[in-house]
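This report describes the internal spaces of a protein chain and one of its sheets. The sequence and structure come first.

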Amino acid sequence: MDIFEKIAKHMGPIGQHHKWSHGYFSFPKLEGDIAPHMNFRGKEHLVWSLNNYLGLANHPEVRAADEKGAADFGMAYPMGARMMSGNSKYHEQLEQELAAFVGKPDAFLLNYGYQGMVSIIDSLVDRNDVIVYDAESHACIIDGLRLHMGKRFVYKHNDIESARKQLERATKLVEQSGGGILVITEGVFGMSGAQGKLKELVELKKEFNFRLLIDDAHGFGTMGPTGAGTHEEQGCIDGVDVYFGTFAKSMAGIGAFVASTEEMTNFFRYNMRSQTFAKALPMPMVIGLLKRLELLKNNPELRERLWTIATTLQKGLKERGFDLGVTNTMVTPVFLKGELLEATALTMDLRENYGIFCSIVVYPVIPKGLIELRLIPTAVHTLEDVQRTLDAFSEVSDKLKNGYYKENQFAIS
Ligand SMILES: Cc1ncc(COP(=O)(O)O)c(C=O)c1O
């Protein structure tokens with residue numbers, strides 16, 4: 001079998017739809033300034049799919065800092081990996097400020113969240129160690145597990161009894177192998193909006209010997225009294241041994257960081273292959289991130305605004321009978337009953353006739369027969385945006401229940 005022939009027969013779970021979905025459902029082009037109102041295929045849309053939680057992407061001070069960083073240093077600077085030739089005082093300043101903000105002694109910058117997480121896991125464990133992880137973990141955690149040469153045990157999503165059982169199994173194993181146990185979960189699960197049960201996991205340390213790594217991609221900047229993250233929200237900052245956050249969401253940038261004890265952070269500095277053998281974060285991004293962090297820390301009203309939008313949206317949807325699953329964060333999933341064709345027709349109706357752009361999730365990511373519309377509120381949405389969305393959702397949900405989308409398919413022109 002020729003590899004190209006094999007691939008031509010099966011383009012993968014999402015790729016198989018590319019002929020009709022490309023440019024509309026997948027790889028859509030949202031144009032104009034990053035904001036709640038952007039252009040999609042030449043028409044203005046109210047957009048609910050950007051993780052620009054605090055609205056920093058287009059904040060004038062952020063834009064000015066990004067521009068100045070680019071003007072002063074250019075995109076090439078610094079050249080090389082941090083360890084070899086790509087370090088700078090700004091990279092180190094950002095690390096110190098991040099560490100202090102998330103309540104850890106030290107932090108290390110990562111070029112990308114995804115590969116950073118893979119590499120954190122890879123560097124922490126060897127074949128004698130056992131990883132215990134949540135069943136709904138993000139793809140980057142799963143890829144990190146793929147590199148692990150030892151055993152891994154999955155526990156049912158957010159199920160502490162199941163986690164306990166897997167910790168019992170893991171404990172027996174490491175007693176023989178002489179290894180240790182690493183538990184991995186997320187601070188906020190980005191699809192469902194559920195918080196990981198960090199506090200309960202930390203409590204399990206009284207019964208078992210393990211270290212806890214959390215991926216707080218969505219929680220950093222949004223959760224907790226100061227926005228430090230989900231560990232702050234749940235009052236267990238010290239119980240989280242390794243904290244990971246990305247800049248791709250509330251910070252509206254790119255890159256990520258890992259924070260831990262001084263010794264562990266130094267270990268990451270010298271042992272994470274994705275950082276040792278890759279070029280450092282570009283200086284304009286680092287300069288821009290320093291500004292973003294300053295704004296995030298000093299403007300709690302941004303987070304308050306995000307929560308006003310999120311709670312008004314969620315309250316309104318619930319009052320109208322919508323099923324929002326188990327979310328207890330700003331991530332707002334709306335679950336509807338319907339098949340794939342109905343889901344695509346409904347999404348197109350929302351876009352074409354109501355001018356509302358949101359992401360849609362279907363089988364195999366969620367069970368067959370369910371449609372998830374995923375809404376991401378931000379600090380720059382308005383209450384009028386919320387009202388317009390509530391009205392549109394009521395109408396499309398009625399149409400779905402009446403079988404309208406079974407009979408009315410829309411063609412992408
Ligand atoms: C939970 C989680 N972890 C990691 C990542 C990857 O982060 P980045 O976009 O910075 O590579 C994401 C982004 O989608 C995420 O949602």
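The second largest cavity of this predicted model holds about 30 Å³ of space. Its lining consists of Arg-82, Phe-108, Leu-109, Asn-111, Gln-275, Ala-278, Lys-279 and Ala-280. Four of these residues are nonpolar, two are polar and two are charged.

The structure has two cavities of 30 Å³ or more, and the largest has a volume of about 50 Å³. Around the largest cavity are Ile-34, Ala-35, Pro-36, Val-47, Leu-50 and Asn-52, together with Ile-376, Thr-378, Val-380 and His-381. No charged residue belongs to that lining, which is made up of seven nonpolar and three polar residues.

Among the open spaces, the second largest pocket has a volume of about 430 Å³. It is lined by 20 residues, of which Leu-124, Arg-211, Asp-241, Val-242 and Met-264 are the closest to its centre. Two elements, β7 (181-186) and α10 (262-271), each give two or more residues to the lining of this pocket. By class, the pocket lining has nine nonpolar, five polar and six charged residues.

The table sets out the three spaces.

| Space | Volume | Nonpolar lining residues | Polar lining residues | Charged lining residues |
|---|---|---|---|---|
| Second largest pocket | about 430 Å³ | nine | five | six |
| Largest cavity | about 50 Å³ | seven | three | none |
| Second largest cavity | about 30 Å³ | four | two | two |

The sheet is described next. Three strands form an open sheet in the order β11-β14-β13, and their pairing is antiparallel. Strands β11 (332-337) and β13 (359-361) are its edges, each pairing on one side only. On average, neighbouring strands of the sheet are turned by 25° against each other, direction ignored.

How many bridges join β11 to β14? There are six, and β14 covers residues 370-375. Within this antiparallel pair, Val-334 has Leu-373 of β14 as its bridge partner. Helix α13, residues 300-319, lies across both β11 and β14 and runs at about 20° to β11.

A UniProt record, an unreviewed entry, places the feature "domain: Aminotransferase class I/classII large" at residues 46-392. Over residues 46-392 the chain is 44% helix and 16% strand. The C-alpha atoms at the two ends of that stretch are 11 Å apart.

How values were computed. Residues are numbered from 1 along each chain as its sequence is written. This is a predicted model: local features need pLDDT of at least 70, side-chain atom pairs count only at pLDDT 80 or more; totals for chains, interfaces and linings use all residues. Side-chain values use heavy atoms; hydrogens and water are left out. Two strands pair if DSSP finds at least two bridges between them. Helices (H or I, at least four residues) and strands (E, at least two) are DSSP runs, numbered from the N terminus. Axes are lines fitted to C-alpha atoms, for helices over the stretch in contact, and angles run from 0 to 180 degrees between N-to-C directions. Contact means heavy atoms within 4.5 Å. UniProt positions are given in the numbering used here, feature names are shortened, and annotations may be inferred rather than shown by experiment. On a 1 Å grid over the protein atoms alone, a cavity is a set of points where a 1.4 Å probe fits but cannot get out, and a pocket is an open set with protein on both sides within 12 Å along at least five of seven lines; lining residues have an atom within 4 Å of a point. Grid points are joined across faces, edges and corners, and a volume is the space filled by probe spheres set on the points. Ala, Val, Leu, Ile, Met, Phe, Trp, Tyr, Cys and Pro count as nonpolar, Asp, Glu, Lys and Arg as charged, and the others, Gly among them, as polar.
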